[in-house]
Amino acid sequence: MRLGRGPDALIAAPAGFLWTAFEPSTHPPLARDLLNRAYADGGAAVRAGRDWWRETEADPEYDPKLCFIAVEAGSGRLAAFAQCWTSGFIKDIAVADTHRGKGLGAALMRRIFQTFQARGCAHVDLKVQVDNPSGAVHFYKSLGMTVVEEL
Ligand SMILES: CC(C)(COP(=O)(O)OP(=O)(O)OC[C@H]1O[C@@H](n2cnc3c(N)ncnc32)[C@H](O)[C@@H]1OP(=O)(O)O)[C@@H](O)C(=O)NCCC(=O)NCCS
């Protein structure tokens, strides 16, 4: 799926959540746990391997500034995570199941669109299974993304 434009205004986190800078020494295991829980029922690749983050960091399209974190405002617990490649591709995005439907995923996506727009990307891409059980296809379409290729 693809979006060919992005908003200009600063994107606020929904009430009860804060954006926080990605910290490579502490966030990857927390992000992996969140992704594994989020994807477990969807049959998507589970990032269980110990080498997952080492391989991610070694990728030529990796940039820590393209790892996005949202935490609960009170506890500081991880609430959402996204990791993108420099080519304008969203590799992973997930919201903790207890926090879905609160606008956090949409705010995170808009933040990603804004970041890539500032980098001069003409479009943002991702892959999603058409039968994603958490309604991700509808989610992406609600943000203005369009299907460019069906595999
Ligand atoms: C997809 C995901 C990131 C959405 O995050 P979220 O925080 O729940 O989404 P939001 O609350 O910001 O929803 C924004 C809009 O998306 C749409 N949407 C979100 N979840 C939906 C669902 N289950 N069914 C239909 N539409 C949905 C709605 O239009 C919603 O707008 P609304 O507020 O008018 O209802 C989240 O469900 C998730 O983490 N899923 C598991 C991991 C995953 O599959 N990631 C995608 C891999 S490609």
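## Helix H3, the core and the ligand shell

Isoleucine 112 is a good place to begin, and its place is in helix H3. The model described here is a predicted one. Isoleucine 112 is buried, because 23 other C-beta atoms lie within 10 Å of its own, and a residue counts as buried at 20 or more. Once neighbours within four places in sequence are set aside, the contacts of isoleucine 112 are Phe68, Ala82, Cys84, Ile90 and Val124. One of these partners, alanine 82, is 30 residues away along the chain, yet the C-alpha atoms of the two residues are separated by 8.6 Å.

The helix that carries this residue has 15 residues. From its first C-alpha to its last, H3 reaches 21 Å, close to the 21 Å expected at 1.5 Å a residue. Several of its residues are buried, namely Gly105, Leu108, Met109, Arg110, Arg111, Ile112, Phe113 and Phe116. Leucine 108, another of these, is in contact with Phe68, Ala70, Ala80, Ala82 and Ile93, again leaving aside neighbours within four places in sequence. Just after H3, glycine 120 takes a positive phi of about 85 degrees.

A wider view helps to place H3 in the chain. There are four helices and six strands, and along the sequence they follow the pattern β-β-α-α-β-β-β-α-β-α. The chain has 151 residues, of which 27% count as buried. Among contacts with a separation of 6 or more, 67% join residues 24 or more positions apart.

Which residues have the most contacts inside the largest nonpolar core? They are Phe81, Ala82, Ala94, Leu108 and Ile112, in a core of 27 residues. Two or more residues of this core come from each of H1, strand S3 (67-72), strand S4 (78-85), S5, H3 and strand S6 (124-126). The element that gives the most is S4, with six residues.

Helix H1, one of the contributors to this core, can be examined in the same way. Its 13 residues should span 18 Å at 1.5 Å a residue, and the end C-alpha atoms are 18 Å apart, which agrees. The buried residues of H1 are His27, Pro28, Ala31, Arg32, Leu34, Leu35 and Ala38. Seen down the helix axis, these buried residues fall within an arc of 165 degrees, so they line one face of H1. They pack against helix H2 (52-58), S3, S4 and S5.

Tryptophan 53 is found in helix H2. Its C-alpha atom lies 6.7 Å from that of proline 28, although the two residues are 25 apart in sequence. Is tryptophan 53 buried or partly exposed? It is partly exposed, because 18 other C-beta atoms lie within 10 Å, and the buried class begins at 20.

Alanine 96 sits in the loop between S5 and H3. With 18 C-beta neighbours inside 10 Å, alanine 96 likewise counts as partly exposed. Not counting residues up to four places away in sequence, alanine 96 touches Leu34, Ala79 and Ala80. Its C-alpha atom is 9.9 Å from that of aspartate 33, with their positions 63 residues apart in sequence.

The surroundings of the ligand bring several of these elements together. Of the 22 residues around the ligand, those that come nearest are Arg100, Gly105, Ala106, Ser134 and Gly135. Helix H1 (27-39), strand S5 (89-95), helix H3 (104-118) and helix H4 (136-142) are the elements that give two or more residues to this shell. H4 gives the most, with four residues. By type, the shell divides into eleven nonpolar, nine polar and two charged residues. H1, S5 and H3 thus appear in the list for the ligand shell and also in the list for the nonpolar core.

The segment after H4 includes leucine 151. Leucine 151 is exposed, because 5 other C-beta atoms lie within 10 Å, and a residue with 12 or fewer is placed in that class. The C-alpha atoms of leucine 151 and valine 130 are separated by 9.6 Å, and the two residues are 21 apart along the chain.

Technical notes
Residues numbered from 1 in each chain as written. Predicted model: local features only at pLDDT ≥ 70, side-chain atom pairs only at ≥ 80, totals over all residues. Near = placed C-beta within 6 Å. Nonpolar A, V, L, I, M, F, W, Y, C, P; charged D, E, K, R; others polar. Core = buried A, V, L, I, M, F, W, Y, C linked by C-beta atoms within 7 Å. Contact = placed C-beta atoms within 7 Å. Expected span 1.5 Å × (residues − 1). Arc of directions from axis to C-beta.
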